[in-house]
Amino acid sequence: MNPDLSRPRPAGGEEHPLLLPFAERELPAGRHQFHKERLMAQIHEDLRAADVATPATAPAAPARVAGTRNPFLRRAVFVPAAAFALAGVLAVGFLSYVDRGAADGPGSTIATGPALTTRIGTADPKGAPQLLDRISLASASASASGPAVRADQFVYIGSKTANTYVKTEGDKSTLVSEQLHMRHQWNSPDGTKGWLIEPGNTGPEGVTLAGPDEKGNTPTPYLNAPTYNYLATLPTDPDALLRRIYQETEGMGRGPDQEAFTTIGDLLRGSYPPAELTAALYRAAAKIPGVVTVDDAADAAGRSGIAVARLDEYTGRREEWIFDRQTLTFLGERSVQVQGESGEQGLIKPGTVVYTTAVMTRTVVDRIKELPPTAR
């Protein structure tokens with residue numbers, strides 16, 4: 001599966017009093033960890049639903065249905081309340097790890113300041129299909145030369161990420177940005193084994209991503225919580241693929257088009273799709289209404305590029321997939337407030353980067369917690 005603990009909370013979502021020091025995935029030796037995950041998932045869905053129900057004139061949020069998105073795949077709604085108090089402890093443990101060769105190297109936790117802001121790039125509603133067609137061709141060529149995944153290997157994704165969110169204590173709300181930090185994730189092709197290390201969301205040694213569900217069964221992969229093996233079964237015809245995405249995400253999120261775009265973005269950022277599927281995902285995205293190009297965007301590592309994006313009309317935030325201008329390689333993703341204000345007391349102003357990530361390394365390794373040569 002593809003847990004992602006680092007994505008942002010919805011607008012106006014202050015820290016929840018039930019949040020725990022670490023948002024861990026369930027551990028086989030402790031059943032309470034599974035129930036903790038279920039609690040976090042419910043908080044995530046409740047706050048997302050509350051975020052959608054804003055003005056009285058806004059369309060009603062679609063009802064949540066069975067098979068909802070894995071809350072750890074996309075943006076989580078929480079930053080642990082105890083994370084600030086634990087920052088010193090986490091930094092010591094995590095920096096000892098990066099000193100041994102983690103992808104970002106020593107001194108990696110760079111503060112992003114009280115709020116991460118950017119210049120809002122200009123959107124072009126006409127250029128997206130042509131750009132996505134070029135990206136699809138480039139990705140097919142690049143992915144075809146990438147390593148295959150054996151059953152005994154692991155997909156490794158190393159990424160830099162940070163969130164900006166509203167923190168409320170008593171009657172005072174402030175805008176806070178996380179430290180830019182490195183996220184290390186390993187998953188077996190069948191999803192039964194995995195590991196995650198992410199400061200602020202796991203302990204310094206990380207947490208296992210393995211373990212049965214509450215009934216002792218191995219979780220079944222699906223579109224919003226996929227495995228590599230599952231991705232290999234998806235259709236590679238863009239029209240068939242897009243139909244599948246709309247069908248499996250029906251009733252989720254803030255409307256079918258935005259949810260389809262977000263789902264594809266999650267797969268591009270947080271998984272290792274086979275070459276033909278990667279190309280099909282881009283061609284499918286070109287068929288989603290409202291997709292635009294943005295002339296200038298930068299990922300969490302500061303790499304500038306061109307973006308494919310879509311505006312979420314409920315929140316005024318634009319979700320941007322960022323690509324290298326020359327090679328059209330996927331660099332990362334970010335969510336930018338571009339219209340109106342959001343968050344408690346309207347603290348999230350236009351130009352605020354609510355979430356940012358940069359994929360630094362994505363490859364195949366032989367052992368869990370093994371760092372590839374490109375990450376040293």
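**Strands, a helix and a loop residue**

Modeller: In this predicted model, strand β5 (residues 179–187) and strand β6 pair in the antiparallel sense over 4 bridges.

Biologist: What makes β5 and β6 count as a pair?

Modeller: Two strands pair if at least two bridges are found between them, and β5 and β6 have 4 bridges, so they are called paired. One of the residues involved is His 184, whose bridge partner in β6 is Ile 197. The hairpin of β5 and β6 has 6 residues between the strands, and there Gly 191 takes a positive phi near 80°.

Biologist: How do you know that β6 also pairs with strand β7 (residues 207–208)?

Modeller: Here 2 bridges join the antiparallel strands β6 and β7, and because at least two are needed, they pair as well. Leu 196 stands opposite Val 207 in β7.

Biologist: Which residues of β6 lie on each of its faces, and are they buried or exposed?

Modeller: Gly 194 and Leu 196 are on one side of β6, with Trp 195 and Ile 197 on the other, and all of them are buried. In a regular strand, side chains alternate between the two faces of the sheet.

Biologist: Why is Ala 301, found in the loop between β8 (291–298) and β9 (304–312), called partly exposed?

Modeller: Ala 301 has 35% relative accessibility; buried means under 20% and exposed over 50%, so a value in between is called partly exposed. Leaving aside its neighbours within four places in sequence, Ala 301 is in contact with Ala 358 and Met 360.

Methods:
Residues are numbered from 1 along each chain as its sequence is written. This is a predicted model: local features need pLDDT of at least 70, side-chain atom pairs count only at pLDDT 80 or more; totals for chains, interfaces and linings use all residues. Side-chain values use heavy atoms; hydrogens and water are left out. Buried means under 20% relative accessible area, exposed over 50%, partly exposed in between (1.4 Å probe, protein chains only). Contact means heavy atoms within 4.5 Å.
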